[in-house]
Structure formats: structure tokens, C-alpha cells
Amino acid sequence: MTVLLRASEVVKRYPAGRAGAVHAVNGVSLDVRAGETLGVVGESGCGKSTLGRCLVRLTDVTSGRVEFDGQDITALGARRLRPVRAGLQLIFQDPYASLNPRRRAGDIVAEPLKVHRQGSARAIRDRVAELFEVVGLSAAHLDRYPHEFSGGQRQRIGIARALATRPRLIVADEPVSALDVSVQAQVLNLFADLQDEFGLTYVFIAHDLGVVRHVSDRIAVMYLGEVVELADAEALYAAPAHPYTETLLSAVPEIDDGSDPAPRERIVLTGDVPNPSDRPAGCAFHPRCPYARDLCRTERPPLTEAAPGRLSACHFPLVGPRGSGG
Ligand code: ADP
Ligand code: MG
């Protein structure tokens, strides 16, 4: 198992009014293994997009470190960063907002090839036509503008643009959230096909556990800028270790395919939506946690192994030797 991308204690703060700060990402450490899909899940505002941008260095970290293929990319200057950038791409949530409406689709996909000076004008044209085919678009539509495509097709343009420089790792930030449900499955299938074809590694961001269930090998659950659970997808869906994961999971509509031995009880999150400039003491989740005890209010639980291969930042994880959460 090769680690392609490693984040160590990544912190990203944004300045906020009167010398305050938004702790968007608050000490995240994780490995992304070559060839896998790591799902990153959590409520809106928990820092998923900020983490994604730190991982591909679209934004600089406040502290901590990101290594790509063994190289520390945290502080690389522009010139040495350029070849790294080609290998690391980000796909955005909203395919419309992320595509320049005044540029033709073919030019949008060609842009990274020009930035990275990959070939002659002729070679770039051929490559763009090939990329259109790869993502299921017709090369006859190269000259169309973004508004002439459907939502799903626009996301395919975004995917083609991300693939242009032959990246090894793609961070996809809620790439199907803005699409109709009927189109979501097609785009998710495209992601899977491209992964097989090109040996891609994905960090796949989503705000609920439903979308990433079938695409993720492992899942990282974020709460208020921190990873609170990291586990193999199957194990996590079968039995969450962190109470927050349990609540997220209970919000996923159940598909009655006979695989669930007992219907899940729906747990409704109570308490205030977390505010990243005012982190609760102890475990950040304690004000909303149905199992919180005194320790949870005072001591921050580290991300540790709750069971083999299961990392959880909870004093009383729901799986493992200590068992059932209290
Ligand atoms: P998510 O993608 O999980 O919804 P984000 O990473 O977008 O979360 O945001 C995490 C927190 O950081 C939020 O409180 C958000 O308002 C804040 N934030 C994100 N980007 C900026 C920015 N450029 N400036 C200030 N605050 C930001
Ligand atoms: Mg986001």
C-alpha cells in the first residue's frame, strides 16, 4: 500500500472580525493511498472544501504539512509547484460557476494544457478532442459555450479539464451535489470508469454518507474542522465508531434490499449548528452528543484506534473493546 498524499496536522484559519479567526481546518492528519477513493464527509461548513483546497495547494496552510508522492509541497515556490499541480487536480461542486461562461468548452479544457505547456497547438487540439470522448461528450461540441450544455454535461467538461494534465490524484468537491438525482448516478459511474482506466486516486467530498457509499474505499468523517472517524467504508456503514457518524448514517435514507438485519433508528441532531470560530471545549461534538459524559466536556479526544483499522476521536467509541458508547 503506497501513500500518495499525506496530510500532517493541517491547520487552516481565516481571519474574522476583531482579531478572531475561523478555524476552518483544525489539525487534520490523513493518508490517501494510491488507487483508492477516500470519501470525506461532514455537514456544510465543517471544512471539507478548505481541506480539499489545502490538499491540492490551491490555498496555503496556516500550519502543518502536505506531502504528495513523498515530496513536501507545503512551501514550494511557484516554479517548483507547477509540475506538482499537473499531478493534483480539483473538481468543483458547481460546474456552472467554475466554468467561464464566455469561453468555448474546448478552450476551457485546453487551458491547463497551455498553462503546463503540454504540446503544440495541434497536439493540444487533438488531446482536447480525445478528452471529450473520454468523458462521454461529443467532439462536435468543442465550440459550444457552457450554457449550451446540461448540468451533467457541464460537470463532464469540468472532469475533462481536470484530466487534461494526466493527474494522479483528483480531489472532487461535491461533484454531483448540484446535479439532478437521475444524472448523479451517471456522473458517479464516469468517475468509477475513469479511475479504472487511468489508475486515478480520488478524494471524494460529500455532505452526506449516501452519495459516497458506493464509491469510497475508506471514509473520513469531519466535524468542525477535525477528522472524527476514519475507517474502511464497509466497516463504517456496518457499525460507526463515532456518535457523529452514527447520526449522519441515520440520516441516509435506507434502501430495503434485505441487507440490513434491523431497520436503523433515526437519530435527530440536536443543539446548535457548530460555529468554527467558537469551538466547544473538550470534544467539539459534545454539546450535540447523546452519549456525552463529563470527560467529553473537558478533554479533547485524540484520533486513535478504536478497533483494528478504525480511527475514532471519541472517548467512548461505539465499536471496539469498550463497546457501546456508555
Ligand atoms: P464545507 O466545504 O465543509 O462546507 P468550508 O471549507 O467551505 O466547509 O468552510 C469551513 C469554514 O470556513 C466555514 O465556516 C466557512 O465559512 C469558512 N470559510 C471558508 N472559506 C473561507 C474564506 N475564504 N474566508 C473566510 N472564511 C472561510
Ligand atoms: Mg464545501
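What follows is a short chat about ligand 1 and the cysteines in a predicted model.

Colleague: What should I know before looking at this predicted model?

Modeller: Local features need pLDDT of at least 70, side-chain atom pairs count only at pLDDT 80 or more, and totals for chains, interfaces and linings use all residues. Residues are numbered from 1 along each chain as its sequence is written, chains are lettered from A and ligands numbered from 1 in the order written, and side-chain values use heavy atoms, without hydrogens and water.

Colleague: Which residues surround ligand 1?

Modeller: Among them are Tyr14, Val22, Glu43, Lys48 and Pro276. To count, a residue needs a heavy atom within 4 Å of the ligand.

Colleague: Which helix gives the most to that shell?

Modeller: Helix 1, with 3 residues. Helices are DSSP runs (H or I, at least four residues), numbered from the N terminus.

Colleague: Which side chains have an N or O atom by an oxygen of ligand 1?

Modeller: Thr50, at 2.5 Å, and Ser49, at 2.8 Å. A polar contact here is a pair of N or O atoms within 3.5 Å.

Colleague: New topic. How many disulfides?

Modeller: The count is 0. A disulfide needs two cysteine sulfur atoms within 2.5 Å.

Colleague: Why no bond for Cys46?

Modeller: Because the closest cysteine sulfur, in Cys54, is 13 Å away, too far for a bond.

Colleague: And why none for Cys289?

Modeller: Its closest cysteine sulfur is in Cys314, 6.2 Å away, so that is too far as well.

Colleague: Is Cys289 buried or exposed?

Modeller: Cys289 is buried, at 16% relative accessible area. Buried means under 20%, exposed over 50%, and partly exposed in between (1.4 Å probe, protein chains only).

Methods:
A polar contact is a pair of N or O atoms within 3.5 Å; within protein, one must be able to donate a hydrogen and the other to accept it, and residues adjacent in sequence count only if both atoms are side-chain atoms. Helices (H or I, at least four residues) and strands (E, at least two) are DSSP runs, numbered from the N terminus.
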